[in-house]
Amino acid sequence: MNELDYFNARLQATISPMDYMRAKQKNPEKYFLIDVRNGPLHARNITIKDANVIPEQVLPNRLHEIPKDKEIIVYCWEVWCNTAAKVAKFLLEKGYKTRELTGGIAAWQEMKFPVSDRTTDDKVSDNCKC
């Protein structure tokens, strides 16, 4: 793979917070955003507004909640976390159109985009597995 192929593939597989916000405003029904972060609940107490919280650890058992007719956008903690990339790969293998939100929730919060408090305990292990 040369550099051009790499950057084309990267752009196809990811979406920035700014691009996601613009795309979601234009076509709100097209996307299904998933917070796939693992780890302790107190560390996951904030999520992107309107995100569906399906941690990576429980996602295989909750595939029925993910629509096949929407573009799936997944995110995790930050650029150093690869959980969203693992989930994107898994969902692509299952036939979902999937992209990763670049920079995770850290980039989203840095841009001061809308967030919500989490209200449910999804009983995942405290081990992040990033």
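At 42% relative accessibility, Lys-49 counts as partly exposed in this predicted model. Its partner is Asp-50, and the two residues form a salt bridge. The closest N and O atoms of this pair are 3.9 Å apart. The cut-off for a salt bridge is 4 Å, so the pair is counted. Asp-50 is exposed, with a relative accessibility of 60%.

A second salt bridge joins Arg-99 and Glu-71, with an N to O distance of 2.6 Å. This pair links distant parts of the chain. Arg-99 belongs to strand S6 and Glu-71 to strand S5, and 28 residues separate them. Both partners are buried, Arg-99 at 17% relative accessible area and Glu-71 at 5%.

A third salt bridge lies in helix H2, which covers residues 17-26. Here Asp-19 pairs with Arg-22, and the closest N and O atoms are 2.6 Å apart. The two residues are 3 apart in the helix, or about one helical turn. An α-helix has 3.6 residues a turn, so residues three or four places apart point the same way. Asp-19 is partly exposed at 38% relative accessibility. Arg-22 is also partly exposed, with a relative accessible area of 49%. In total, the structure has 7 salt bridges. Side chains of opposite charge can pair in this way when their charged atoms come close.

Helix H3 spans residues 83-93. Its buried residues are Thr-83, Ala-84, Val-87, Ala-88 and Leu-91. Viewed down the helix axis, these buried residues fall within an arc of 135°, so they line one face of H3. Lys-89 and Glu-93 are on the other side of the helix, and they are exposed. The cover over the buried residues of H3 includes strand S5 (71-75) and strand S6 (98-101). These two strands also hold the salt-bridged residues Glu-71 and Arg-99. Just after H3 comes Gly-95, which takes a positive phi of about 95°.

Cysteines were examined next. A disulfide is a covalent bond between the sulfur atoms of two cysteines. The structure holds 0 disulfides. For Cys-76, the closest cysteine sulfur is that of Cys-81, at 3.2 Å. The cut-off for a disulfide is 2.5 Å, so the two sulfurs are too far apart for a bond. Both residues are buried: Cys-76 has a relative accessible area of 1%, and Cys-81 has one of 3%.

His-42 sits in the loop between strand S2 (31-35) and strand S3 (46-48). This histidine is exposed, with a relative accessible area of 65%. His-42 and Arg-118 are 76 residues apart in sequence. In space, their C-alpha atoms are 9.5 Å apart.

An unreviewed UniProt entry lists residues 27-117 as "domain: Rhodanese". Over this range the chain is 20% helix and 24% strand. The C-alpha atoms at the two ends of the range are 25 Å apart.

Definitions and conventions: Residues numbered from 1 in each chain as written. Predicted model: local features only at pLDDT ≥ 70, side-chain atom pairs only at ≥ 80, totals over all residues. Heavy atoms only, no water. Buried < 20%, exposed > 50% of the residue type's maximum accessible area, 1.4 Å probe, protein only. Helix = DSSP H or I, 4+ residues; strand = E, 2+ residues; numbered from the N terminus. Arc of directions from axis to C-beta. Contact = heavy atoms within 4.5 Å. UniProt positions renumbered as here; feature names shortened; annotations may be inferred. Salt bridge = Lys/Arg side-chain N within 4 Å of Asp/Glu carboxyl O.
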